[in-house]
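Hi there,

Here is the structure I promised to send you. Please open it beside this email, so that you can look up each part while you read.

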Amino acid sequence: MTFSIDKTDGNARAGTLTTTHSTIQTPVFMPVGTVGAVKSLDAIDMMEILNAKIILGNTYHLYLRPTSKVVKEFGGLHGFSKFNRSFLTDSGGFQAFSLSKISKPDEHGIHFKSHIDGSSHYFTPKSVLDTQYDLNSDIMMILDDLIALPAEPKRAQLSIRRTINWAKEAIDYHRANQQKGIGLTQNIFGIIQGGTDYEARKFCAEALCDMDFDGLAIGGLSVGESNEEMYDTVEGVIPYIDANRPRYLMGVGTPEDLVENVERGVDMFDCVMPTRNARNGTLFTSFGKINIKSAKFIKDNAPIDHECSCYTCRNYSRGYLNHLYKARELTFFRLASLHNLHYYLNLMKQMREAIMQGKFSEFKREFYAKRS
């Protein structure tokens, strides 16, 4: 993997990240393909209609079903899904957190029960990399100890200590495997924890920056803290993250979150919000969100957004989408997801262009003005 900074505007950065499977211009939003597919869309939609360069797969879910060994037999995620561009796979740490009623971390990993059949499993820093070697993702995330916010200081400190120890174990294991010819085209990102505590984040970031990771992620946000706490935390930790490596803010978020955190120096994002909201009838536009379920759209012949050039807006009306949603027609999920993901991907493209032109502040003012 290579990563270079093409232009900066304040703390905002436009970069180019190249993996074995694609060249990715940053800042970038990664659509979430939990089980190897972005919900309601296929690889042709992602590549030919949306032109996505990278999507995210979920190690926890793919480990359980169909299992990483099955995916490996198909040639990894690229051969299995036919999405032949880049994949990032998370480690399963967030799923262990979100399924906390059936999971329990210890000093060496995370015990959990499958949400599918109740069977018992154990993730360790090494085992989650073994799974990701089978998946053959371009970017692998390490196992970290994620906690909800607000957190007791004692539990937060334990999270940091575990995350740093697991990070060291993971990077050493990966580099040793590469010496054996395993995972040669796969890259590994560390994850910085620390809640909203400035000193904790600084300590964790400095520890991980001393390790040989290809990129660094900010984890443990968008888990109960306010937006301002999130923005302040990102702003506080960014100076301690190596400027020469890509910076990834995990699981974030709204269009406003993307703009605010690009301004603070983040390069990569993922979130289920555009596709989840699409399935619920909430569509993102240049002037804010609309709820396509509303009766006011029944006879509306306009596209979702006059400023949008997506496949859905070029071909279908609000009235038709209103009808599809109310009829529970499956076609709605595809058309709405195409629109919302186009909006997110285009928002990133617009921000990159603004950075390249030295006009990010102007872009941000216009972005909020349209919403006011």
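Below is what I found, going from a small sheet to a buried strand and then to a helix. Please keep in mind that this is a predicted model.

**The three-stranded sheet**

Start close to the beginning of the chain. Three strands form an open sheet there, in the order β1-β2-β3, and their pairing is antiparallel. The edges are taken by β1 (2-9) and β3 (23-26), and each of these has a single partner strand, so one side of each has no neighbour in the sheet. From one strand to the next, the twist averages 10 degrees.

Now zoom in on one pair. Strand β2 covers residues 12-18, and four bridges connect it to β3 in the antiparallel sense. If you would like a spot to click on, try Leu17, which stands opposite Ile24 in β3.

**The strand β11 and its partners**

How many of the six residues of β11 are buried? Six of the six are, so this strand (residues 187-192) is largely enclosed by the rest of the structure. Its side chains are worth a look too: Asn187, Phe189 and Ile191 point one way, while Ile188, Gly190 and Ile192 point the other way, and all are buried.

Strand β10 (residues 139-141) runs parallel to β11, and three bridges join the two. Here Met141 stands opposite Phe189. To get from β10 to β11, the chain passes through helix α7 (residues 153-179), and this β-α-β crossover is right-handed.

Strand β12 (residues 215-218) also pairs with β11, in the parallel sense and over four bridges. Ile192 has Ile218 in β12 as its bridge partner. The chain goes from β11 to β12 by way of helix α8 (residues 198-209), in a β-α-β crossover that is right-handed.

**The helix α14**

Last, find helix α14, which spans residues 331-356. What distance does α14 reach from its first C-alpha to its last? With 26 residues, α14 reaches 38 Å, close to the 38 Å expected at 1.5 Å a residue.

Is α14 mostly covered or mostly uncovered? The helix is mostly covered, with 19 of its 26 residues buried. After α14 comes Gly358, and the phi of this glycine is positive, near 70 degrees.

Enjoy exploring, and write back with any questions.

Best wishes

Technical notes
Residues are numbered from 1 along each chain as its sequence is written. This is a predicted model: local features need pLDDT of at least 70, side-chain atom pairs count only at pLDDT 80 or more; totals for chains, interfaces and linings use all residues. Side-chain values use heavy atoms; hydrogens and water are left out. The expected span of a helix is 1.5 Å times one less than its number of residues. Buried means under 20% relative accessible area, exposed over 50%, partly exposed in between (1.4 Å probe, protein chains only). Two strands pair if DSSP finds at least two bridges between them. Axes are lines fitted to C-alpha atoms, for helices over the stretch in contact, and angles run from 0 to 180 degrees between N-to-C directions. A crossover is right-handed if, with the strands pointing away from the viewer, the path from the first strand over the helix to the second runs clockwise.
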